[in-house]
Amino acid sequence: MSSIRSKIILIYLALALGVGAFVLFASFSLRYLEQRVNEGVAIAAFQETAQEMRRHEKNFFLYRAPDDLAAARSLAAELETLLTQDQAILTELAQAGELSALEQAISRYRAHLVGGTVDDDALRAAGHEILTRSELLAERERASLVASARHSRHLLLWSVLVLVLLALAGGQILYRVVGRPLRQQEQQLAPMAQGRFRTFTMVSQDREIVSFTQALNRMLGELELRRRQVLQSEKLASLGTLASGVAHELNNPLGNISGAAQIALEEIATLPEAMREELQGWLRQ
């Protein structure tokens, strides 16, 4: 036989599992966003390095300072290192052939910086290609991060909605298991206030409701037995009152007759013997 307690435990377990699943999903979602932010940091570092390299390149074109040329050469080497280090991240954002084209542009850029004479146009073209491709990767990364955040937000909202629906379903089940049977029992109790004792019907097969209904039916049996005993006592009391009244009504005339007979025996000495004996026998009775 099922019980309300077991059903309530199952409902709470379902809610706990739902909350646990929501927490795990939120944790994985936040972890994914954290990963995307870290990827954004790597892309931003690559872009900033390319921008710094082009700044030193432009300073070299303006002032022909060897330090700017050395800084641009160092930053170009750093770009190659970042390209190798963050290749997995860049591969997710780059389209087919873009990474190889970026790597070739960096190699051409460094080759133009190594020679004794610098080809300004070729260096400028290679630097422009590197910066353009790095900005394109950064833009894609930002768009991907925004899309990921929006997707995670939608999933979290749907998860909250599922939890709310699960809680409402649990409340509805609790009402059907507990609230509705108790309301039906309350409706069956109403005739008792008017003195009508009816046997309670089973409104649920749950162990607690069955035990409660059986206890109510036993109580009704005891009440009916006591009611019958009270009615019997009232009948006996009424019969005693009636007998007492009849005896009282008969006692008055009988007392008068007895008194008259006693007076007759004491004062009338001339009564026949047979009448005197009959009066004395009646008085003895």
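**Exercise 1. Classify Glu129 in this predicted model: buried or exposed, or in between?**

Step 1. Glu129 has a relative accessibility of 21%. 
Step 2. Buried requires under 20%, and exposed requires over 50%. 
Step 3. Glu129 therefore counts as partly exposed. 
Step 4. Apply the test to Arg133. Its relative accessibility is 26%, so Arg133 is partly exposed too.

**Exercise 2. Find what links Glu129 to Arg133, and place the pair in the fold.**

Step 1. Check the side chains. Those of Glu129 and Arg133 form a salt bridge, 3.2 Å from N to O. 
Step 2. Locate the residues. Both sit in helix H5, which spans residues 120-189. 
Step 3. Count along the helix. They are four residues apart, about one turn. 
Step 4. Look for shared partners. Salt bridges join Arg108, Glu129 and Arg133 into one network.

**Exercise 3. Compare two salt bridges of helix H1, Arg31 with Glu34 and Glu57 with Arg54.**

Step 1. Take the distances, N to O. Arg31 and Glu34 meet at 3.5 Å. Glu57 and Arg54 meet at 3.1 Å. 
Step 2. Take the spacing. Arg31 and Glu34 lie three residues apart in H1 (residues 4-63), about one turn of the helix. Glu57 and Arg54 are also three residues apart in H1, so about one helical turn separates them. 
Step 3. Take the exposure. Glu34 is partly exposed, at 41% relative accessible area. Glu57 and Arg54 are both buried. 
Step 4. Set the pairs in context. The structure holds eleven salt bridges.

**Exercise 4. Describe how H1 packs on H5.**

Step 1. Choose the descriptors. Two packed helices are described by the angle and the distance between their axes. 
Step 2. Read both values. The axes of H1 and H5 come within 9 Å and cross at roughly 170°. 
Step 3. Name the orientation. Angles over 145 degrees count as roughly antiparallel, so H1 is roughly antiparallel to H5. 
Step 4. Sort the contact residues. The contact of H1 with H5 has 34 nonpolar, 13 polar and ten charged residues.

**Exercise 5. Which residues line the largest cavity, and which helices supply them?**

Step 1. Search the whole structure. One cavity of 30 Å³ or more turns up. 
Step 2. Take the volume. The largest cavity has about 40 Å³. 
Step 3. List the lining. It consists of Ala94, Glu98, Leu99, Leu102, Arg133, Leu136 and Leu137. 
Step 4. Assign helices. H4 (98-114) and H5 each supply at least two lining residues. 
Step 5. Sort by chemistry. The lining has five nonpolar residues, no polar ones and two charged. 
Step 6. Connect the results. Arg133 lines this cavity and also forms the salt bridge with Glu129.

Methods: Residues numbered from 1 in each chain as written. Predicted model: local features only at pLDDT ≥ 70, side-chain atom pairs only at ≥ 80, totals over all residues. Heavy atoms only, no water. Salt bridge = Lys/Arg side-chain N within 4 Å of Asp/Glu carboxyl O. Buried < 20%, exposed > 50% of the residue type's maximum accessible area, 1.4 Å probe, protein only. Axes fitted to C-alpha atoms, helices over the stretch in contact; angles between N-to-C directions. Parallel < 35°, antiparallel > 145°, perpendicular 65-115°, else oblique. Nonpolar A, V, L, I, M, F, W, Y, C, P; charged D, E, K, R; others polar. 1 Å grid on protein atoms, 1.4 Å probe; cavity = no way out; pocket = protein on both sides within 12 Å on 5 of 7 lines; lining within 4 Å. Points joined across faces, edges and corners; volume = space filled by probe spheres on them.
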